[in-house]
Amino acid sequence: MPAFPLTLLQPGDTAHIVALDPTHPLRRRLLELGFVRGARVDAVRRAPLGDPVQLHLNGTHLALRAADLHGIQVVRPAAERAGETDA
């Protein structure tokens, strides 16, 4: 499965970060928060109207607006990808 925006991750899903848009307006702050290549991120839940999104990253729970997550590309873990091809 190719990389996709973090905004598409559904509650309960896990992914690994593969890229952060170099022109993202919050790039520096997101890197400081741990949104770095290879980091595992879990989608915990979405607010009733879909924004913000609660994430679990590096032992910390964060709530970020969906608009701020668009420039973050993720992939599903290899074990989950293997299960998708078997179905």
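Among contacts between residues at least 6 apart in sequence, what share joins residues at least 24 apart? In this chain, that share comes to 60%. Keep in mind that you're looking at a predicted model. The chain has 87 residues, and buried ones make up 36% of them. Below is a quick tour, starting with the overall layout, moving through the sheet, and then stopping at D42 and the nonpolar core.

**The overall layout**

- Three helices and six strands make up the secondary structure of the chain.
- If you walk along from the N terminus, the elements come in the order β-β-α-β-β-β-α-β-α.
- About 5,200 Å² of the chain is exposed, and 56% of that comes from carbon and sulfur atoms.

**The sheet**

- The six strands sit in an open sheet, and reading across it gives β1-β6-β2-β3-β4-β5, with antiparallel pairing.
- At the edges you'll find β1 (4-5) and β5 (60-64), each of which pairs on one side only.
- In general, strands of a sheet are held in pairs through backbone hydrogen bonds, and the pairing can be parallel or antiparallel.
- On the β1 side, two bridges link this strand to β6 (residues 72-75), and the two run antiparallel.
- F4 is the residue that stands opposite V74 in β6.
- Strand β2 (residues 14-20) pairs with β3 over three bridges, again in the antiparallel sense.
- Next door, β3 and β4 are antiparallel too, with five bridges between them.
- One of the facing pairs here has R46 standing opposite V53 in β4.
- Five bridges also connect β4 and β5, which pair in the antiparallel sense.

**Two hairpins**

- β3 and β4 form a hairpin that leaves six residues between the strands.
- G50 lies in that turn and has a positive phi of about 90°.
- β4 and β5 make a hairpin as well, this one with two residues between the strands.
- Here N58 is the residue with a positive phi, near 55°.

**A stop at D42**

- D42 belongs to strand β3, which covers residues 40-46.
- Is D42 buried or exposed? D42 counts as buried because its relative accessible area is 14%, which is under the 20% cut-off.
- Leaving out residues up to four places away in sequence, D42 touches D13, T14, Q54, L55 and H56.
- T14 is tied to D42 in two ways: the two are bridge partners, and their side chains share a polar contact of 2.6 Å.
- The D42 side chain makes another polar contact, at 3.2 Å, with the side chain of R40.
- Over in β4, the bridge partner of D42 is H56.
- H56 in turn stands opposite H61 in β5, so to speak the next step across the sheet order from β4 to β5.
- D42 and H61 are 19 residues apart along the chain, and 9.3 Å separates their C-alpha atoms.

**The nonpolar core**

- The largest nonpolar core has 19 residues.
- Those with the most contacts inside this core are L6, I17, F35, V41, L55, I72 and V74.
- The strands β2, β3, β4, β5 and β6 are the elements that give two or more residues to the core.
- What does L6 contact once its neighbours within four places in sequence are set aside? The list is F35, V41, L55, L69, I72 and V74.
- L55 turns up twice in this tour, as a contact of L6 and as a residue that D42 touches.
- V74 also appears twice, as a contact of L6 and as the residue opposite F4.
- Strand β4 (residues 53-57) is mostly covered, with four of its five residues buried.

Technical notes:
Residues are numbered from 1 along each chain as its sequence is written. This is a predicted model: local features need pLDDT of at least 70, side-chain atom pairs count only at pLDDT 80 or more; totals for chains, interfaces and linings use all residues. Side-chain values use heavy atoms; hydrogens and water are left out. Buried means under 20% relative accessible area, exposed over 50%, partly exposed in between (1.4 Å probe, protein chains only). Contact means heavy atoms within 4.5 Å. A polar contact is a pair of N or O atoms within 3.5 Å; within protein, one must be able to donate a hydrogen and the other to accept it, and residues adjacent in sequence count only if both atoms are side-chain atoms. Accessible areas come from the Shrake-Rupley method with a 1.4 Å probe; for residues, only the protein chains shown count as cover. Two strands pair if DSSP finds at least two bridges between them. A nonpolar core is a set of buried Ala, Val, Leu, Ile, Met, Phe, Trp, Tyr and Cys residues joined through side-chain atoms within 4.5 Å.
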